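Here is a short tour to read with the model open on your screen. Take a moment to look it over, then follow along.

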Amino acid sequence: MTARSNILGKLRNSLAGTTPRPDEFDEQLVTRPWQYPPAARVERLRSLMEAVHTEVHQVSATDWPALVADLLNRRNLSNLLCAPATDHGKALQHYWQTTGQRSQLLAYDRPIEQWKTALFENVEASITGTIGGIAATGSLVLWPDRHEPRLMSLVPPVHIALLKASEIHDNLYDLMTAQRWAAGLPTNALLVSGPSKTADIEQVLAYGAHGPKELIVVILDQA
Amino acid sequence: MSQRIPVTELAADFRSRATTALADDQLRTNFRTAMDSLIKKRADAFPDEQEREGLRELGNRIKARALSRLPDLLEQLEAKLTENGVTVHWAETVEQANRIVHGIIEARNGRQVVKGKSMVSEEMEMNDYLARRDIECLESDMGEYIVQLDGEKPSHIIMPAIHKNARQVSRLFSEKLDEPATDDVNELIQTGRRTLRRKFMEADVGVSGVNFAIAETGTLLLVENEGNGRMSTTVPPVHIAVTGIEKVVQNLRDVVPLLSLLTRSALGQPITTYVNLISGPRKPEELDGPEEVHLVLLDNGRSGAFADAQMRQTLNCIRCGACMNHCPVYTRVGGHTYGEVYPGPIGKIITPHMAGLNQVPDHPGASSLCGACGEVCPVKIPIPQLLQRLRQENVRNPAEPQVVKGGGSKYSRTERMIWQGWQLLNTRPALYGLFLRAATRLRRLTPKNAGPWTRNHSAPVPARRSLHELADAHLRQRGDQ
């Protein structure tokens, strides 16, 4: 504990006789330049995400499983990691059963230690929900949980994300205020704004650095 | 023409390293190209000057507010993180920090560590420390990985391998990884991906830095484009984050403008591909994420900078690298010339507090004071003023107490006396007149050798008559006197 008390002691000493600066946070500066009419939010998010190699689709809230099946078939993918307990997981299973899809649905149903190698080597794609989107920066917001663990959106080479059009917010400030983030965050919260990329060699942009090589966003319109 | 400057083979001082770097055409082309592109990207990311300036002012205020209550915020951060299940450690020196990290790894019998990008771990020279204890510590950021593979140090805080071109990376990969030579950047990146994916799976411990530590919620925020940061902090059973004590901010909302300033200033991106907010280890019901999360808070001279109200502003830094991207000196000599962990303008003002000003006595002077660094700094650190201040600290009389660690190493009694004489001359009109008379009348006796000046210039010779005398004569002729 000596390092702790030494550091804090030195800092307190240096601040002796001073008063803490007031909180002059001006939220206008981070909200006003980033406001859009509701109809323009989808377009803004879409164009920003497409600019960084994200594939964006927009379908009705009921038709999306067919689109997902089609996306897999076109890429010739043989499996898809999904969360069977979620609403979208159930819808997907139902569609797979009724239409007899060739690709296999996998579930993330045990701790990572029990299937790390299989997750890294055999899973070809994953599908997760999102808790919202951000128009200003073209971002998806994910709060991984037991059903859709953290690595689901990171390890498989193709990540499909479902985003409700009605849950796209103007900017990060509005989203975190509306969702009351300051009151409590999950163990891991994520903003995802495209497939993994790097420009570390000669500043040449290359996609698929360590995370997904492809990010596919399926925007769901109200039924 | 040398293609590579391994740090170990570098000459001992800034000046000779600069001379070598300036003669390296390849190095200069690599930097010039990269910096020009980063300057343009930043400019494009801030199309509205008013918006940019408002945000910079807000960024400055947020950091100033955090620093004005730093000890309280650090305690709040510790309390919140502890409540969230994260273990917080404190280290005054890099040695202490390394010992803490090593202890955590040892407790798990760890042998393999995979590291996301972290400049604080560079400060600690963690890779070497762990390697000496038979623990492999592998860099996973593509740029850092390339640099580590070649036994080098990063030459830029955001783009560690910016001094190399694709051909140089290709040669390195075929040499060290037995890969077929290719200039195709995509193929080179896929080689890195394949190699490192295996390492993420196998690693016992993941190490990362922190971009912002949020006291309000007990959250560590990390930004990145590659996904290696998320891999390092999620796949291994233990995650150790190392960070400087200045990275703490008060409220969650404070990171909204800081994040925007950081990614736009650094890379010209509206946001990075991933923003990773970590608030705790895996919960019992969760299926992945590390079982243990540790945060090591490192001082390493920061509290020394904090003690001086002017120098304290160096702790505003959010490590975006914009100051080096815009620096005419950095662009020409490259990052390795500085010989320290943090190169460029920001390096010049923070290194003295870590290593001691006497270790880097040439740094404050290696600036034209053009002001570009201060103008682009997203948190408005007055870098040029701090460089001037360090020049003064550099020549402070060693007999006086030093304000900056290692200050006064450039003090010279002769130089001090010359300046005192200069002051005398310029504050006594009679003496000044006498001096001018002597200098003009005895102009033929002016020394031909004026030190470094005459190496590249012809020696200055005073005019026949001083301006004073000419003006005098002119006025008399007009009969005004």
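In what order do the six strands of the open sheet in chain B stand, and is the pairing parallel or antiparallel? The order is β1-β10-β7-β4-β2-β3, and these strands of chain B pair in the parallel sense. Please keep in mind that this is a predicted model.

**The sheet of chain B**

Start at the edges of the sheet. These places are taken by β1 (87-91) and β3 (136-139) of chain B. Each has a single partner strand, so one side of each is left without a neighbour in the sheet. Between neighbouring strands of this sheet there is a turn of 20° on average, with direction ignored. As general background, strands of a sheet pair through backbone hydrogen bonds, either parallel or antiparallel.

The partner of β1(B) is worth a look. Strand β10 of chain B, residues 292-298, pairs with β1(B) in the parallel sense over five bridges. If you would like a pair of residues to find on screen, Val88(B) stands opposite Leu295(B) in β10(B).

Is β1(B) mostly covered or mostly open? Four of the five residues of β1(B) are buried, which leaves the strand mostly covered. Helix α5 of chain B, residues 94-107, lies across β1 of chain B, and also across β2 (112-115), β4 (205-208), β7 (238-244) and β10 of that chain. Relative to β10(B), helix α5 runs at about 170°.

**A helix pair in chain B**

Further along the chain, helix α16 (residues 344-355) and helix α18 (residues 383-394) of chain B pack with their axes 10 Å apart, at an angle of about 45°. Why is α16(B) called oblique to α18(B)? Their angle of about 45° is neither under 35 degrees nor within 65 to 115, and it is not over 145, so the pair counts as oblique. The crossing of the two helices, α16(B) and α18(B), is left-handed. On the α16(B) side, the contact is made by Pro345(B), Lys348(B), Ile349(B) and Pro352(B). From α18(B) come Ile383(B), Leu386(B), Leu387(B) and Leu390(B).

**Two residues with positive phi**

Most residues other than glycine have a negative phi. Two loop residues of chain B are listed here with positive values.

| Residue | Phi | Loop in chain B |
|---|---|---|
| Glu125(B) | near 50° | between α6 (119-124) and α7 (126-131) |
| Leu369(B) | near 55° | between α16 and α17 (372-376) |

How exposed are they? Glu125(B) has 14 other C-beta atoms within 10 Å and is partly exposed. Leu369(B) also counts as partly exposed, with 14 C-beta neighbours inside 10 Å.

**The wider view**

Stepping back, chain B is divided into domain 1 (7-304) and domain 2 (413-477). The centres of these two domains of chain B, taken over C-alpha atoms, are separated by 54 Å.

Chain A has seven helices and twelve strands. Along the principal axes, the C-alpha atoms of chain A fill a box of roughly 75 × 45 × 40 Å. Chain A has 223 residues, of which 45% count as buried. Among the contacts in chain A with a separation of 6 or more, 76% come from residues 24 or more positions apart.

Note on methods
Residues numbered from 1 in each chain as written. Chains lettered and ligands numbered in written order. Predicted model: local features only at pLDDT ≥ 70, side-chain atom pairs only at ≥ 80, totals over all residues. Domains from an automatic or database assignment. Buried ≥ 20, exposed ≤ 12 C-beta atoms within 10 Å, placed from the backbone. Contact = placed C-beta atoms within 7 Å. Pairing = 2+ DSSP bridges. Axes fitted to C-alpha atoms, helices over the stretch in contact; angles between N-to-C directions. Left-handed = near helix turned anticlockwise from the far one by under 90°.
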